[in-house]
Structure formats: C-alpha cells, structure tokens
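Biologist: I am new to this structure. Please show it to me, and then we can go through it.

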Amino acid sequence: MNSVTHDTLISAAQLAEALRSAHPPLVLDCSFELTNLGAGQQAYDAGHIPGALYLHLEHALSAEKTGRNGRHPLPTREAFARTMAALGVSNDTQVVAYDNAGGMYAARLWWMLRWTGHRAVAVLDGGIAAWKTAGHAVSAEALPARPHGNFALREPLVTTLSYEEVRANIEGGHKLVLDARAPDRFRGENETMDPVGGHIPGARNRLFKDNLAADGRFKPSRQLRAEFDAITGGRPATELVNQCGSGVTACHNLLAMEVAGLKGAALYPGSWSEWSAQPGAPIATGPAA
C-alpha cells in the first residue's frame with residue numbers, strides 16, 4: 001500500500017484501491033464457524049476476495065489443546081512466525097484480514113501479528129459482506145502457493161497476562177478485566193461452550209458485538225471510546241485486561257479499543273475456557289458487581 005500503513009481498520013474502498021496498486025497487500029480470509037469447523041473453508045471456496053488465502057482458526061491461529069490451556073490456546077510466537085512466512089508474509093508486508101463474522105476471527109489474526117511485532121495489519125471493516133455490498137467481485141479460484149516471506153519475530157506490540165497473573169490481580173485489583181462474552185454466559189447462564197459457567201471475580205462485561213453498528217461495521221471511534229469509558233470508569237487502557245471464552249473475541253474488543261484511542265490493554269489468552277479448567281479457580285456468577 002505504498003507509504004500508507006493500515007494498522008487497525010481498512011474500508012472496502014481502501015482495500016480495492018490498494019489491491020490495484022504496485023504493492024498490493026496480502027489478504028487473508030479468516031472466516032469460521034465455531035459449530036461447523038469446515039464452514040469457513042467452504043465459504044472461502046465458494047467465493048473470496050480475489051488473491052486472498054485462507055487461514056483456519058484451529059490450525060493456523062491456535063495450538064494443541066491439553067484440557068487445561070483453553071479451547072484456542074496460542075501457538076508459540078516462533079511457530080506462528082513460521083506460519084506467516086510460509087504464507088508469503090515478509091517484514092514489510094501489509095496484511096489485511098477479513099471474515100464472515102463481523103471481524104470476530106479476523107481480529108484474532110490482527111492481534112497475533114501485533115504479538116509478533118508486525119504493525120502493518122488491518123481488519124476489513126464489515127468483512128466479506130461489506131466487500132460484496134460495495135460491488136466488488138469475489139473469486140472461487142484456487143491460488144498457487146506464494147514464495148516464502150522473510151517474516152521474523154520482532155518485539156511484541158501487545159501485552160499478555162497469564163492465569164496466575166490474572167488470579168493474583170483479583171485481590172490487588174490493579175487491573176480491570178473486561179469479558180467479551182454474551183451477558184448470559186457472563187452471568188453463568190446458558191453455558192454451552194465450557195463445562196463451568198460464570199466469570200472471573202471483579203470482571204465487567206463488554207459483549208464484542210456491541211463494537212459494531214447495525215451495518216456490521218465498527219462504530220465511530222468517539223462512540224467506542226464513550227462506551228468503553230462508561231464500563232471501565234475511564235480507566236486507562238494499560239489498566240485493562242481483555243478476555244472472552246477462548247481468547248478470540250477478546251481481540252475484537254482490543255481492536256475496538258485501539259480504534260477508540262485506548263492503546264495498551266492486555267489480553268488474557270487462555271480466557272474463561274482456561275480459567276474454568278483450573279482446580280480452585282475462583283468463579284463469580286450473576287451480573288457484575
């Protein structure tokens with residue numbers, strides 16, 4: 001994208017223009033369904049942004065599960081860097097991620113690339129639906145493998161907290177935990193994904209879908225800032241920790257916070273699926289205190 005670096009959101013119009021440039025971005029389709037693990041690949045095969053490659057959440061953006069490390073544990077930074085290089089990502093590559101779920105899965109890739117020190121990554125605002133609505137073509141063409149990129153690890157641009165750190169924070173309360181799950185799951189009701197329902201004591205609820213307007217695009221930055229401040233009491237982002245069920249939709253909140261100018265919030269990658277699997281982990285139910 002020439003001299004312009006997109007590091008949060010990119011519109012369908014901006015992406016279309018960039019794809020016509022001398023240095024087009026690498027587009028990665030992260031479409032997925034938690035209840036149908038093959039649906040994302042099927043959707044990609046049926047029609048994707050021309051030139052886009054497909055990434056599967058469970059294969060490319062997660063590591064092996066142990067029963068204690070959550071439903072979508074992070075791979076090592078080294079393993080993820082190898083995955084990116086194999087796709088053709090280099091240190092100067094502009095990456096654009098999109099999906100069919102309002103950025104729910106694309107935001108995970110956005111965060112993971114920042115985790116490896118790569119700033120030039122953006123999420124297509126509105127996803128494949130916005131691309132189609134704008135009148136842009138899709139393709140069902142199978143793509144040849146790209147040459148390996150020279151992607152190398154750099155200093156992380158994001159912060160993570162472990163289970164032990166989040167648990168130790170409960171008593172001190174130096175950081176506020178934001179839970180991106182649906183309000184009923186936060187309260188401990190209708191839990192279908194994890195064996196135990198509830199939330200981390202002291203956490204507050206910010207459903208990730210609330211980051212989006214009715215058209216499926218992210219709300220304006222000023223509105224997002226006001227909504228997050230209302231939940232957190234205006235605490236600085238460096239005092240905030242984001243979690244969800246398995247460390248995926250929390251990245252959507254982190255992206256929204258970045259759009260809102262709230263920079264420096266942390267991710268608890270294991271999230272509720274890891275927390276609830278730990279013996280003796282404290283659990284709260286009901287609405288936030």
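Modeller: Contact here means heavy atoms within 4.5 Å. This is a predicted model, in which local features need pLDDT of at least 70 and side-chain atom pairs count only at pLDDT 80 or more, while totals for chains, interfaces and linings use all residues. Residues are numbered from 1 along each chain as its sequence is written, and side-chain values use heavy atoms, with hydrogens and water left out.

Biologist: Leaving aside neighbours within four places in sequence, which residues is Leu109 in contact with?

Modeller: Leu109 is one of the buried residues of helix 5, where buried means under 20% relative accessible area with a 1.4 Å probe, protein chains only. Helices are DSSP runs of H or I with at least four residues, strands are runs of E with at least two, and both are numbered from the N terminus. With neighbours within four places in sequence left aside, Leu109 is in contact with Leu28, Cys30, Leu55, Leu61, Phe80, Met84 and Ala97.

Biologist: Which helix gives the most to the largest nonpolar core?

Modeller: A nonpolar core is a set of buried Ala, Val, Leu, Ile, Met, Phe, Trp, Tyr and Cys residues joined through side-chain atoms within 4.5 Å. The largest has 71 residues, and Leu109 and Trp111 are among those with the most contacts inside it. The greatest contribution, 8 residues, comes from helix 5.

Biologist: Why does this core lie between two domains?

Modeller: The domain bounds come from an automatic or database domain assignment. The core lies between the two because residues are given to it by both domain 1 (9-134) and domain 2 (159-277).

Biologist: What is the strand order of the open sheet?

Modeller: Two strands pair if DSSP finds at least two bridges between them. Strand 1 and strand 5 (residues 121-124) pair in the parallel sense over 2 bridges, and Leu9 stands opposite Val123 in strand 5. The sheet has 5 strands with parallel pairing, in the order 1-5-4-2-3.

Biologist: Which strands stand at the edges?

Modeller: An edge strand has a single partner strand, so one side of it is left without a neighbour in the sheet. Those at the edges are strand 1 (9-10) and strand 3 (53-54).

Biologist: At roughly what angle do the axes of helix 5 and helix 10 cross?

Modeller: Axes are lines fitted to C-alpha atoms, for helices over the stretch in contact, and angles run from 0 to 180 degrees between N-to-C directions. Angles of 65 to 115 degrees count as roughly perpendicular, and helix 5 and helix 10 are therefore roughly perpendicular to each other. Their axes come within 8 Å and cross at roughly 70 degrees.

Notes:
Buried means under 20% relative accessible area, exposed over 50%, partly exposed in between (1.4 Å probe, protein chains only). Angles under 35 degrees count as roughly parallel, over 145 as roughly antiparallel, 65 to 115 as roughly perpendicular and the rest as oblique.
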